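Q: Please take a close look at the surroundings of the ligand in this model. I would like one connected account of what encloses the ligand and of the elements that supply its shell.

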Amino acid sequence: MARLVVSGGVPLCGVLEAQGAKNSVLPIMAAALLADDDCVIEHCPDISDTDCAVEILSELGAFVSQKREADGSRTVYINASNALGFEIPDSMMRKMRSSVIFLGAILSRRGRALISFPGGCELGPRPIDIHISSLKKMGVRINEIHGFLDCECDKLCGTDIDLTFPSVGATENIMLASVLCDGETVINNAAKEPEIEDLQNFLNKMGASITGAGTGCIKIKGVSHLNGVRHRVIPDRIAVGTYLCAVAATRGNALIKNTEPGHMSSTLSFLTDCGCNIEVVDKDISISCDELHSVKHIRTMPYPGFPTDMQAVFMSLMTKAKGNSVFVETIFENRFKHVGELHRMGAKITTDGRVAVVEGVKKLYGARVESTDLRGGASLVIAALTAEGTSIIDNVYHIDRGYDHIEKSLTALGAKIIREQ
Ligand code: UD1
């Protein structure tokens with residue numbers, strides 16, 4: 001299995017381009033199932049989750065082809081006119097937990113879907129009860145048997161849905177289920193993430209009638225059909241945030257181009273608070289950092305709060321900051337698995353339930369560590385870049401789910417990092 005070998009201690013300097021957003025490309029590829037003709041999706045990140053989405057679409061009968069662009073991104077061409085499948089095999093559901101986002105689109109297309117539960121998860125239990133209750137409210141009959149969900153409906157009906165939590169995936173699933181249904185659907189307490197807005201923009205280009213994405217109330221008026229369109233995926237605010245943390249951790253100086261700074265207010269403000277110099281010019285963000293001090297209280301929250309997906313990488317940054325930082329993880333039950341690995345490198349972190357206290361240390365030391373999940377893996381890469389000596393990071397496949405060739409991006413900034421198979 002692939003691993004990364006990192007020699008720490010090099011300040012990262014240079015210029016990077018933002019990759020396309022993982023959390024946008026997946027629901028947008030699911031939405032392409034609903035078009036009568038070709039969809040062209042540009043600026044897709046070259047990551048394994050994109051591969052999983054391609055596999056699912058192909059399994060359902062869609063014709064999918066891809067082109068690698070000069071900037072390393074992929075353009076994905078999808079024609080779903082023959083995508084009459086309604087079953088996602090268990091192996092695919094387990095490979096990518098967000099495969100559940102395809103449920104709404106398949107139901108909209110076929111009125112029937114057979115999937116398995118996305119499975120036990122590295123971030124703790126990841127129930128889909130909000131997805132299920134919302135779809136039931138729209139008229140879907142759902143039979144849960146032995147880990148499988150057999151879903152059927154004669155007709156999807158628009159209705160008012162009040163989410164008990166602004167779940168990103170459930171909001172997307174309802175949007176996809178309701179876009180072609182009879183009547184109007186109103187989602188109250190909807191997730192406000194920028195990726196939801198990207199999905200709305202994609203669907204509206206196709207001919208949908210959706211308003212409100214980015215606010216807590218999304219209204220979807222059902223339409224009779226959707227056309228194929230061309231769309232460029234938004235920049236990945238979490239990948240950009242990760243590289244900014246890597247530059248800051250190594251006391252470097254870099255420019256990240258073609259980002260969407262407006263989507264990153266909370267991350268940029270925490271980076272400023274801990275001593276980074278951040279300059280935003282249009283879509284470009286430059287960062288430099290001489291000295292880091294702790295940030296007293298970091299609480300993960302739904303957007304526009306501090307993203308749970310940034311928690312692990314920001315924690316890694318705080319391991320060598322002056323003073324103590326307190327992290328409270330409110331979104332996922334078990335998102336501190338990286339802590340045990342950071343300990344191996346000399347970090348001082350204590351956890352109690354959903355709270356972690358990081359006591360800044362002077363040095364981290366190279367060690368052999370294991371990625372435990374996507375963002376946890378990225379946090380280990382950051383720690384390794386600042387550590388004295390060489391680190392080996394195993395289980396890189398977690399990192400490859402969301403970072404487009406992380407070693408190439410970091411090498412472009414001067415890091416000493418290689419991938420070994
Ligand atoms: C999405 C993102 C993920 C991010 C997360 C929170 C994608 C592909 N993934 O995941 O990167 O970390 O948002 O910003 O976009 N929950 C329930 N019942 C449900 C659904 C969710 O209890 O039916 C709980 C989850 O267990 C979790 C919380 O709600 O504790 C947030 O989940 P959700 O917003 O749905 O996250 P995802 O869509 O899975």
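A: Helices here are DSSP runs of H or I with at least four residues, and strands are runs of E with at least two, both numbered from the N terminus. The model is a predicted one, in which local features need pLDDT of at least 70 and side-chain atom pairs count only at pLDDT 80 or more, while totals for chains, interfaces and linings use all residues. Residues are numbered from 1 along each chain as its sequence is written, and side-chain values use heavy atoms, with hydrogens and water left out.

The shell around the ligand holds 19 residues, the closest being Asp129, Ile130, Ser167, Asp309 and Ile331; a residue belongs there if one of its heavy atoms lies within 4 Å of the ligand. Helix 5 (129-137), helix 6 (168-178) and helix 10 (308-318) each give at least two residues to this shell, and the largest share, 3 residues, is that of helix 5. Sorted by class, the shell comprises 8 nonpolar, 6 polar and 5 charged residues, where Ala, Val, Leu, Ile, Met, Phe, Trp, Tyr, Cys and Pro count as nonpolar, Asp, Glu, Lys and Arg as charged, and the others, Gly among them, as polar.

Turning to individual atoms, a side-chain N or O atom of Asp309 is 2.6 Å from an oxygen atom of the ligand, and for the side chain of Asn23 the corresponding distance to a ligand oxygen is 3.1 Å. Ile331 approaches through its backbone, with an N or O atom 2.5 Å from an oxygen atom of the ligand. Taken alone, the ligand exposes 740 Å², of which the protein buries 85%; these accessible areas come from the Shrake-Rupley method with a 1.4 Å probe, and for residues only the protein chains shown count as cover.

Two of the participants can be followed further into the protein. Asn23 is itself held in a side-chain polar contact with Lys22 at 3.0 Å, a polar contact being a pair of N or O atoms within 3.5 Å, where within protein one must be able to donate a hydrogen and the other to accept it, and residues adjacent in sequence count only if both atoms are side-chain atoms. Lys22 lies in helix 1 (residues 22-31) and counts as buried because its relative accessibility is 7%, buried meaning under 20% relative accessible area with a 1.4 Å probe and protein chains only. Asp309, for its part, is among the buried residues of helix 10, a helix in which 11 of 11 residues are buried.

Technical notes: Buried means under 20% relative accessible area, exposed over 50%, partly exposed in between (1.4 Å probe, protein chains only).
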